[in-house]
Amino acid sequence: MAERKGISSEGVMNSLEYKEIEDKLARQNRMIYGEGAIFLLILFIGAYQVHSGLRKEIALNRQQRNFLLSISHELKSPLSSIKLTLQTIIKRQLDPERARGLINNSLKDTERLAGLVDNLLMAAKLDGESVDFLPEDLSVNSVVEEVMAHYENKSDRPRKIELKLGEGLYVPGDRMALLTIVSNLLENAIKYSADGDLIGAQTFKSGNKVMIRIYDTGIGITDLEKTKIFGKFYRVGNEDTRQTKGTGLGLFLVRQLVHLHKGEIVVSDNVPKGTVFTIQLPSAESIVRSDSEMPRSQTVS
Ligand code: ADP
């Protein structure tokens with residue numbers, strides 16, 4: 001048809017208008033592909049965010065369910081056993097020796113309940129963003145020794161206990177908070193080890209830091225779990241099948257309290273087996289005192 005009008009198709013293709021139309025078309029194509037790619041990218045990012053949000057939500061729900069299950073169990077079992085003991089003492093004429101044994105067991109149960117409530121209160125305070133601390137120059141060894149003595153007396157599970165204490169180790173801190181840190185770690189060391197395993201505490205100085213190490217030769221923690229165990233309510237395994245008691249609050253509290261004391265905590269493998277928790281805190285001498293150094297009321301970050 002073009003030939004008939006005297007314009008060859010080659011001529012049309014070489015014409016300026018045709019080139020411009022072709023360029024325009026190419027530009028439009030590029031724009032469409034570019035916009036499409038951006039749109040796809042945004043879609044993928046959105047889908048990924050929805051997916052990870054959902055996963056977080058599911059994990060949170062699972063943790064909350066685990067927490068409710070474990071806390072109910074933790075509260076119920078010592079209460080039931082105290083109730084049973086009291087009923088037995090009232091109903092039966094027990095010889096004094098047997099009665100003392102039962103009462104001692106109930107005392108251990110009440111201590112466990114008190115420890116649990118202390119942990120819950122501390123967690124609530126940390127959540128409420130302000131904790132009342134009574135800062136003083138604390139002898140780290142006196143805290144470790146106090147906790148160790150407590151567990152040596154009350155532990156009905158035979159463990160080998162080892163204490164390696166350095167000298168002159170003082171940190172600026174709150175005694176109750178430091179007791180909570182050490183006793184939670186020691187309780188875990190006992191809980192996650194078996195009869196005959198070694199439980200130990202070591203204190204020493206490294207530069208201007210005071211180090212506290214609590215170690216055991218127990219079941220150990222996998223590398224994947226090491227990244228999760230400091231999370232609130234996080235417990236390794238499944239609540240329906242788990243044998244050990246607990247709420248998943250212990251290590252969360254420990255880490256928060258260590259951070260409030262401007263320290264760090266790390267977890268590593270013990271050799272040949274077991275776990276080591278190492279805490280480093282600024283030593284008392286390394287801190288230039290001022291009223292603002294550790295205020296009575298601290299804010300959790
Ligand atoms: P829990 O109340 O479950 O003991 P924690 O916050 O104290 O909660 O600890 C979180 C998890 O870390 C525990 O469920 C346990 O699996 C693991 N864990 C803590 N300490 C030890 C340890 N010394 N050895 C092995 N596992 C441990």
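Let me start at F44, which counts as exposed, because its relative accessibility is 58% and the cut-off for exposed is over 50%. This is a predicted model, so please take every value I give as computed from that prediction. F44 sits in helix 2, which covers residues 16-91. On the surface, F44 joins F39, L40 and L43 in a nonpolar patch of about 460 Å².

Now the chain as a whole. There are 301 residues, and 36% of them count as buried. The secondary structure comes to seven helices and nine strands. The accessible surface is about 19000 Å², and carbon and sulfur atoms hold 58% of that area. If you take the contacts in the chain with a separation of 6 or more, 74% of them are between residues 24 or more positions apart.

Next, the strands around strand 8. How many bridges join strand 7 to strand 8? There are six, and the two strands run antiparallel, with strand 7 at residues 264-269 and strand 8 at residues 275-282. Two of the pairings can be named. D269 stands opposite T275, and V266 stands opposite T278.

Strand 8 also pairs with strand 6. Seven bridges join them, again in an antiparallel arrangement. One of the pairs here is Y215 with V276 of strand 8. So strand 8 has bridges to strand 7 and to strand 6. Is strand 8 buried or exposed? Seven of its eight residues are buried, so strand 8 is largely enclosed by the rest of the structure.

Let me go to the turn of the hairpin. Strand 7 and strand 8 have five residues between them, and one of the residues in the turn, G274, has a positive phi of about 110°. The loop between these strands also holds P272. The peptide bond from V271 to P272 is cis, with omega near 0°. As background, most peptide bonds are trans, and most residues other than glycine have a negative phi.

That brings me to two residues with a positive phi that are not glycine. The first one I will take is F233, with a phi of about 70°. F233 is in the loop between helix 6, residues 223-226, and helix 7, residues 250-260. F233 counts as buried because its relative accessible area is 19%, and the cut-off is under 20%. The other one is K262, whose phi is near 60°. K262 is in the loop between helix 7 and strand 7. Its relative accessible area is 47%, so K262 is partly exposed.

I will finish with D216, which lies in strand 6, residues 209-216. Which side chain of opposite charge is nearest to D216? It is K273, at 7.2 Å. A salt bridge needs a side-chain nitrogen within 4 Å of a carboxyl oxygen, and D216, although buried, has no salt bridge. What does D216 touch, leaving aside residues up to four places away in sequence? The list is A189, L198, I199, N270, K273, G274 and T275. Two of these names have come up already: G274 is the turn residue with the positive phi, and T275 is the residue that D269 stands opposite in strand 8. K273 is on the contact list of D216 as well, even though the two form no salt bridge.

Note on methods: Residues numbered from 1 in each chain as written. Predicted model: local features only at pLDDT ≥ 70, side-chain atom pairs only at ≥ 80, totals over all residues. Heavy atoms only, no water. Patch = residues over 30% accessible without salt bridge, like charges linked within 9 Å, V, L, I, M, F, W, Y side chains within 5 Å. Areas by Shrake-Rupley, 256 points an atom, 1.4 Å probe, with all protein chains shown as cover. Helix = DSSP H or I, 4+ residues; strand = E, 2+ residues; numbered from the N terminus. Buried < 20%, exposed > 50% of the residue type's maximum accessible area, 1.4 Å probe, protein only. Lys, Arg positive; Asp, Glu negative; His and termini not counted. Contact = heavy atoms within 4.5 Å. Pairing = 2+ DSSP bridges.
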